[in-house]
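Thank you all for coming; I would like to take a few minutes to walk through one structure with you. Please have the view open in front of you as I go.

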Amino acid sequence: MSQSNTSQSQITSLRRQLTQNPVSQFFLKQREASIAIIGILLILYFETQTSVFLSRYNIINLFQFTAETAIIAAGEVMLLILGEIDLSVGNVYALAPFIMYFTVQDHFPIIVGILAGLLVSAFIGFLNGVVTVVLGIPSFITTLGSLYIINGLTLTISNGFPELTPGTGQIVNIMGGGSYSEMIWAVIVVFVLQFVLSRTRWGMYTFATGGNIIGAKEVGINTSLIKIGNFVIVAFLGGLSGILASFRISSIDPLAGGSTIMFSAIAGAVIGGTALNGGVGTVIGSLIGVIVLSIIKDGFTLLGISAFTFDLILGISILVAMLLNVRLQMLRKAGN
Amino acid sequence: MAEASASALRVEHISKNYGAVTALRDVSLGVKYGEALGLIGDNGAGKSTLIKIMTGYTAPTSGAIYVNEEQKHLHSVNYARSLGIETVYQDLAMISELSVFHNMFLKRELLIPRTPFLDNHRMKREAQEFLLTLGVKLPSVDVEVSKLSGGQRQAVAIARALFMNAKILLLDEPLAAMGAREGAAILELINNLKKKNVAIIMIGHNYAQVLEVCDRINLLQRGVITYDKIVSSNSMDELNDIIIREYRIDQKQAESSAAADGANIVH
Ligand SMILES: Nc1ncnc2c1ncn2[C@@H]1O[C@H](COP(=O)(O)OP(=O)(O)OP(=O)(O)O)[C@@H](O)[C@H]1O
Ligand SMILES: [Mg+2]
């Protein structure tokens with residue numbers, strides 16, 4: 001009995017040491033920092049193992065892979081903070097460039113096509129939000145339904161065939177064609193949304209609605225508006241990401257994105273410190289989370305690890321990262 | 001300026017049903033400026049429901065609400081607030097994940113002039129100063145509310161309601177989690193607000209505390225007001241009598257139904 005008591009108190013004092021030590025204090029406060037360190041260690045590992053990891057070509061490749069997912073993850077963070085989720089965003093990613101394509105087919109300028117794609121994306125987000133909020137259906141179900149509907153729509157209007165991305169000139173370079181343009185877009189999106197989240201009313205109301213929806217309503221926050229608005233944001237970003245991708249690869253694929261990019265985005269957000277049950281999260285963290293995921297994927301590819309093993313290791317990495325996250329949150333609470 | 005005898009806030013024939021549950025049945029009450037009305041009653045009597053109707057959070061099934069003797073349709077919390085009604089909810093309506101000062105400024109944030117950005121410096125400073133004037137002691141206004149004690153949380157909720165110079169203040173068990181000293185400080189605060197002509201409705205389970213600040217007492221029982229009197233030296237005895245009588249009735253009912261059960265078993 002007394003033995004278990006001492007080990008208990010040892011654990012307690014260890015925990016106190018861990019949480020009161022200034023270095024660990026920093027990591028507990030700055031959840032993003034610990035993930036960033038893991039990212040840097042991974043880069044060093046892959047660079048020593050492959051010696052091409054930090055080559056210009058690979059970096060650009062990594063940027064492009066990261067950017068599209070990071071843009072979606074940034075929006076998904078807003079929903080996860082609310083305790084909501086959008087499973088359909090990867091399918092909006094596939095639909096938006098087709099809307100753009102058909103608008104241009106109708107002899108509108110490319111810029112109108114881009115705007116049409118973004119508008120339709122935002123509208124899908126609006127519908128997701130309204131169905132979730134007004135009909136009170138969990139967003140997991142709502143967006144699972146719209147995932148299939150949007151996919152069906154994309155396949156129908158495209159007949160299942162890819163198309164060449166329209167447009168020439170500077171706009172192509174700006175909208176994803178240039179080597180660094182996607183990453184620049186991602187950084188802009190992440191910084192703007194992080195600012196919205198931590199420095200504006202919208203962000204504060206998002207935290208409030210996700211943390212305590214009844215309390216938020218009691219102080220007079222229009223929680224329905226906050227929810228619907230964030231559904232619009234994530235779908236809009238899904239469309240933007242899809243359009244950027246279509247300019248990058250110069251073709252529009254009805255099977256692009258889908259659940260793969262959606263799950264990568266959510267995994268990145270969670271690895272970056274966003275809780276799936278709402279109330280906490282950072283957009284910067286999701287960017288770092290997505291970067292780490294991309295580093296792992298890219299590194300494994302360079303190492304020549306087979307695609308089968310790859311998913312296995314990826315899954316384990318995600319689980320470990322999430323566990324770490326939960327532990328860190330518990331330590332943070334105990335640290336007070 | 002309202003005349004002296006006019007109500008600041010008054011409800012008439014308020015009923016509220018939640019599906020099959022009747023929370024309030026034809027309730028009428030009012031409070032004047034500079035007066036404190038104590039609302040007491042058992043758990044589930046309908047007190048919080050009444051507060052939520054008067055603050056625009058829920059709509060009554062039927063009945064009318066008058067603010068400054070003018071009938072108002074309180075369609076939202078924000079509208080009720082624009083009429084000078086502030087509330088401390090029983091659940092406190094605090095967001096655990098947000099800091100103390102963000103909670104205090106929730107829905108009335110200060111922005112950096114001509115930008116959409118929160119002026120955290122000013123909110124922090126003003127929250128700190130205000131809590132200091134109320135004598136509320138906290139580690140810092142920067143900490144998350146989840147890290148406060150129950151009483152501290154309650155103090156912040158009260159401070160938030162007082163922050164905006166409410167003309168009508170609704171308090172749903174504001175002292176429930178308070179220590180004796182902190183509770184006494186809040187009671188003194190309420191007395192001061194009365195002198196400043198604020199109209200107050202306070203719910204409480206501790207009769208001594210309620211009687212200390214309130215001028216009138218309404219007792220709500222199963223959705224009906226059964227007692228409405230000015231506070232006097234024998235209020236405590238009267239209330240105790242009612243409670244004891246109620247308890248006896250409850251016991252008799254329990255006994256007779258137990259007897260009926262027994263009879264059934266014999267059959
Ligand atoms: N949102 C709701 N949905 C359904 N029933 C409700 C709801 N809110 C309250 N009720 C019911 O209405 C009745 C009155 O509840 P209320 O919260 O007003 O009681 P109260 O007098 O504040 O009690 P307490 O002293 O425990 O706080 C209860 O029977 C309760 O179950
Ligand atoms: Mg109550």
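Let me begin with a question: are B:Arg216 and B:Glu35 buried or exposed? Both B:Arg216 and B:Glu35 turn out to be buried, and I should say at once that we are looking at a predicted model, with every value computed from it. These two residues form a salt bridge, in which the closest N and O atoms are 3.0 Å apart. B:Arg216 sits in strand S9 (residues 216–221) of chain B, while B:Glu35 belongs to the loop between strand S2 (21–32) and strand S3 (36–40) of chain B, so the pair ties together parts that are 181 residues apart in sequence.

A second salt bridge joins the side chains of B:Arg108 and B:Glu86, at 3.3 Å from N to O. Here B:Arg108 comes from the loop between helix H3 and helix H4 (120–134) of chain B, and B:Glu86 from strand S6 of chain B, so the pair ties together parts that are 22 residues apart in sequence. Both B:Arg108 and B:Glu86 are buried.

In the salt bridge of B:Glu238 with B:Lys229, the closest N and O atoms are 3.3 Å apart; B:Glu238 counts as partly exposed at 22% relative accessibility, and B:Lys229 counts as partly exposed at 40%. In chain A, a network of salt bridges links A:Glu68, A:Glu182 and A:Arg248, and over all chains the count comes to 17 salt bridges.

Turning to the sheet, six strands of chain B make up an open sheet in the order S6-S7-S8-S3-S9-S10, with mixed pairing. Its edge strands are S6 and strand S10 (224–230) of chain B, each of which pairs on one side only, and the twist averages 15° from one strand to the next. S6(B) pairs with strand S7 (residues 168–172) of chain B in the parallel sense, over four bridges. Helix H1(B) packs on this sheet, touching S3, S6, S7, S8 and S9 of chain B, and its direction makes about 150° with that of S8(B).

That helix brings me to the metal, since the protein donors of the magnesium ion (ligand 2) are B:Ser48 through OG and B:Gln90 through OE1, lying 1.9 to 2.1 Å from the ion. B:Ser48 lies in helix H1 and B:Gln90 in the loop between S6 and H3 of chain B, so this pair ties together parts that are 42 residues apart in sequence. B:Ser48 is buried, with a relative accessible area of 18%, whereas B:Gln90 is partly exposed, at 43%.

Key: Residues are numbered from 1 along each chain as its sequence is written. Chains are lettered from A and ligands numbered from 1 in the order in which they are written. This is a predicted model: local features need pLDDT of at least 70, side-chain atom pairs count only at pLDDT 80 or more; totals for chains, interfaces and linings use all residues. Side-chain values use heavy atoms; hydrogens and water are left out. Donors are N, O and S atoms within 2.8 Å of the metal (3.2 Å for Na, K and Ca); water is not among the atoms, so sites may look incomplete. Helices (H or I, at least four residues) and strands (E, at least two) are DSSP runs, numbered from the N terminus. Buried means under 20% relative accessible area, exposed over 50%, partly exposed in between (1.4 Å probe, protein chains only). A salt bridge is a side-chain nitrogen of Lys or Arg within 4 Å of a carboxyl oxygen of Asp or Glu. Two strands pair if DSSP finds at least two bridges between them. Axes are lines fitted to C-alpha atoms, for helices over the stretch in contact, and angles run from 0 to 180 degrees between N-to-C directions. Contact means heavy atoms within 4.5 Å.
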